[in-house]
Amino acid sequence: VFKLDDKNGVDVQCEVDALLERQKRDAMPVPKTPSGKRQIDPEFADMINVQDHCKVEEVDEDNVYSVFVSYIEIYNNYVYDLLEEAPFEPIKPKWNSCNTPVRNGDFIPPQSKILREDQNHNMYVTGCTEVEVKSTEEAFEVFWRGQKKRRIANTQLNRESSRSHSVFIIKLAQAPLDADGDNVLQEKEQITLSQLSLVDLAGSERTNRTKAEGNRLREAGNINQSLMTLRTCIEVLRENQMYGTNKMVPYRDSKLTHLFKNYFDGEGKVRMIVCVNPKAEDYEESLQVMRFAEMTQEVEVARPVDRPLCGLTPGRRFRNQAFREELSRKLEMRGGPINGETEEQSVSEMFLQNFPPLPSCELLDVNDDQTLPKLIEVLEKRHKLRQMLSEEFAKNVLAFKTALQEFDSSVVSKENYIQGKLSEKEKTIAGQKMELERLEKKIKTLEYKIEILEKTATIYEEDKRHLQQELESKSQKLQRQASDKRRLEARLQGMVAETTMKWEKECERRVAAKQLEMQNKLWVKDEKLKQLKAIVTEPKNEKPERPSRERDREKPVQRSVSPSPVPNAPPVRLRHRRSRSAGERWVDHKPPSHLPTDTVMQPQVPHAITVAAASEKALAKCDKYMLTHQELASDGEIETKLIKGDVFKTRGGGQAVQFTEIETLKQESPTGRKRRSSPSNPDPAEDAADSEWTDVETRCAVAVEMRAGSALGPGYQHHAQPK
């Protein structure tokens, strides 16, 4: 009485329609539904062991049930029907040496099925073969028939490795009986449809272990991709439940997750069994599988609420059956069923009982004149009543004939009207069927386009994700390059500023040195001109007498840009250079190897603590430090360096010195003198002419040069050249 429609629903029909459907199905040249009396296939006979305690108890007898099974597989993300009848084994076609299918006109490749959503938002496979079974043996035979068509292959790890996910679907239809408990209630809303899906997931595999190539490699990639999509969906479900988010679960990324979307959305229960291998070589795979199983335990699926049936009296089938048994028992006790003649006799008897009763007809006396008149009177009354009843019966018969004729005419008119309406309805139904066929074709076309668009959108999304990642990496690279460029620019600016300052100082130093050199040259030329003038103007018999050094010392002459000897110049008073930090406390560190020099310029620091070795006690009392260092120069003279610095306190309580500048005191011997030739007989009267000497060495005992800027740090360098 149950009939499956093409929209994942069940229709209910009466017993007559069901009988016609069975006769029509038996007359078709297709394999019939397996019968329980047939011999079971010995290939799987030993696998069936139905036990009594496995049968369902406490079944509601006020309902009728029916079981339908179907078997599908998901291969390379396409859905195929394993129970579909096709010639030449379409699941395993013959292949030639070029690894291409053999061209055969009779060969029809398997057609993939489409997933759709019914009116209750449940996913189902359209056009899938569903077989109604009556026993466990029949269901197992159907299962084994589809199992033979599954796609398997030989790999390095498994001789019969599943190359697809298989789903064995068991549907249970339930409908209540009517109030009498005889027939099924003809209301589609009261039908309950349950579904149990047994899913065999193909195991994830690593290609470096299975040594898969070609088609096997593509199959392994699709298997791993579908399992990864399943894991992603479960992770998103867990995240939405744990953190209260509302992320979209990517069911449509795989046909496997799309088919069971309503299970995870709360329309069913999910049970998962994982298989692990105790071998040590499979440790990584077993670990991943156990982690996946642990994660699935944290996902909770809401249990759907069972829909109660409408209010019908429970136990109506048993009561109807008991009533029939009791009725048949009573009929048997009375001698069988009552025929039509007896019924007619009883009706005539009831009719005669309505007449007046007959008086006694016995004549006891010849002269009895009462019995016969009474009898005549009663008979006359009965005759009159009979005539009245006959007339009334004739009138009723005539009225009944008239009503029957009217009823016949009305029935004929109604039949004609109904026939017209029926023909119109049939035309409408035919048009609607054509429209439905057109819409179904359009739906298939649109679904195919949607599938193509989904694949295109997926490809575009992947390209977009890759481009976004590439853009982010390039933007980060540009940011790093910009930051490196800024650092390099700052570094170059610092180097340019430092180099500019260095060369500015070097140029200033060179310009000052060049100016001093030119001034010395100009002064020498002036001296030569003056001497030449004196030679030209002086008498020939007189020769200048060179003054002695003692006289030069007594009469020093002040130097100018173009100096000339002045006889009565005041003597120059030598002065020691005073330190710039005379008001500070100093530590004067002079090593024991220090040698005293007889130079005019001597380092003199007031308020200084002179030590032979630096000590923490002496450094704690002062805030300045000076180290006197002596070394032998390249010309053999002693060079004295005064290294100065600041004293700081450290965190540990000690003292630290930071050197700030260096002063150099150097003593050199004169390299030569410039004298003009004097006459053989000098004139002592010309001793006062001091302007005749041409160089500095003839007029000064010590030359002092102060040069600004040094490579050793800020300060001054002092060079003393004793004569």
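Hi everyone, let's start with Val-59, which sits in the loop between helix 1 (15-27) and strand 3 (63-75). One thing to say early: what you have on screen is a predicted model. With a relative accessible area of 37%, Val-59 is partly exposed. Val-59 also has company there, because Val-56, Val-59, Tyr-65 and Leu-172 make a nonpolar surface patch of about 340 Å², and Val-59 clears the cut-off of over 30% relative accessible area that patch residues need.

Now let's go from the surface to the inside. Which residues have the most contacts inside the largest nonpolar core? They are Ile-72, Val-125 and Phe-260, in a core of 24 residues. At least two residues of this core come from each of strand 3, strand 6, strand 10, helix 4, helix 5 (255-259), helix 6 (261-267) and helix 7 (283-296). The element that gives the most is helix 4, with five residues. As general background, nonpolar side chains in soluble globular proteins tend to be buried together.

Helix 4 deserves a moment of its own. This helix covers residues 215-243, which is 29 residues. From first C-alpha to last it reaches 42 Å, close to the 42 Å expected at 1.5 Å a residue. If you click along helix 4, you will find a good list of buried residues, including Ala-220, Ile-223, Leu-227, Leu-230, Ile-234 and Leu-237. The buried list also has polar names on it, among them Glu-219, Ser-226, Thr-229 and Asn-240. Right after helix 4 comes Gly-244, with a positive phi near 70°.

Staying with backbone angles, there are two asparagines I'd like you to look at. Asn-8 has a positive phi, near 60°, in a residue other than glycine. Asn-8 is in the loop between strand 1 (2-4) and strand 2 (10-12). Is Asn-8 buried or exposed? Asn-8 is buried, at a relative accessible area of 15%. The other one is Asn-76, where phi is positive at about 55° although the residue is not a glycine. Asn-76 lies in the loop between strand 3 and strand 4 (78-81). With a relative accessible area of 11%, Asn-76 is buried.

Strand 4 brings us to Val-79, which lies in that strand. At 1% relative accessibility, Val-79 counts as buried. Here is a long-range pairing to try on your own screen: the C-alpha atoms of Val-79 and Lys-255 are separated by 7.6 Å, while the two residues are 176 residues apart along the chain.

On to charges. How many salt bridges does a search of the whole structure find? The search finds 25. Let me walk you through a few of them.

Take Glu-130 and Lys-171, whose closest N and O atoms are 2.9 Å apart in their salt bridge. Glu-130 is in the loop between strand 6 (123-125) and strand 7 (131-133), and Lys-171 is in strand 10 (residues 165-176), so the pair ties together parts that are 41 residues apart in sequence. Glu-130 is partly exposed, with a relative accessible area of 28%, whereas Lys-171 counts as buried at 7%.

Compare that with Glu-470 and Lys-474, a salt bridge whose closest N and O atoms are 3.3 Å apart. Both sit in helix 10 (residues 371-537), and because they are four residues apart, about one helical turn separates them. Glu-470 counts as partly exposed at 38% relative accessibility, and Lys-474 counts as partly exposed at 48%.

The side chains of Asp-588 and Lys-590 also meet in a salt bridge, at 3.9 Å from N to O. Asp-588 is buried, with a relative accessible area of 9%, while Lys-590 is partly exposed at 30%. Elsewhere, salt bridges that share partners join Glu-506, Arg-509 and Arg-510 into one network.

Last stop, the cysteines. A disulfide is a covalent bond between the sulfur atoms of two cysteines. How many disulfides does a search of the whole structure find? The search comes back with zero. If you want two cysteines to look at, try Cys-275, which counts as exposed at 68% relative accessibility. Then turn to Cys-622, which counts as buried at 8%.

That's my tour, thanks for listening!

Terms used:
Residues numbered from 1 in each chain as written. Predicted model: local features only at pLDDT ≥ 70, side-chain atom pairs only at ≥ 80, totals over all residues. Heavy atoms only, no water. Disulfide = S-S within 2.5 Å. Buried < 20%, exposed > 50% of the residue type's maximum accessible area, 1.4 Å probe, protein only. Expected span 1.5 Å × (residues − 1). Patch = residues over 30% accessible without salt bridge, like charges linked within 9 Å, V, L, I, M, F, W, Y side chains within 5 Å. Areas by Shrake-Rupley, 256 points an atom, 1.4 Å probe, with all protein chains shown as cover. Salt bridge = Lys/Arg side-chain N within 4 Å of Asp/Glu carboxyl O. Core = buried A, V, L, I, M, F, W, Y, C linked by side-chain atoms within 4.5 Å.
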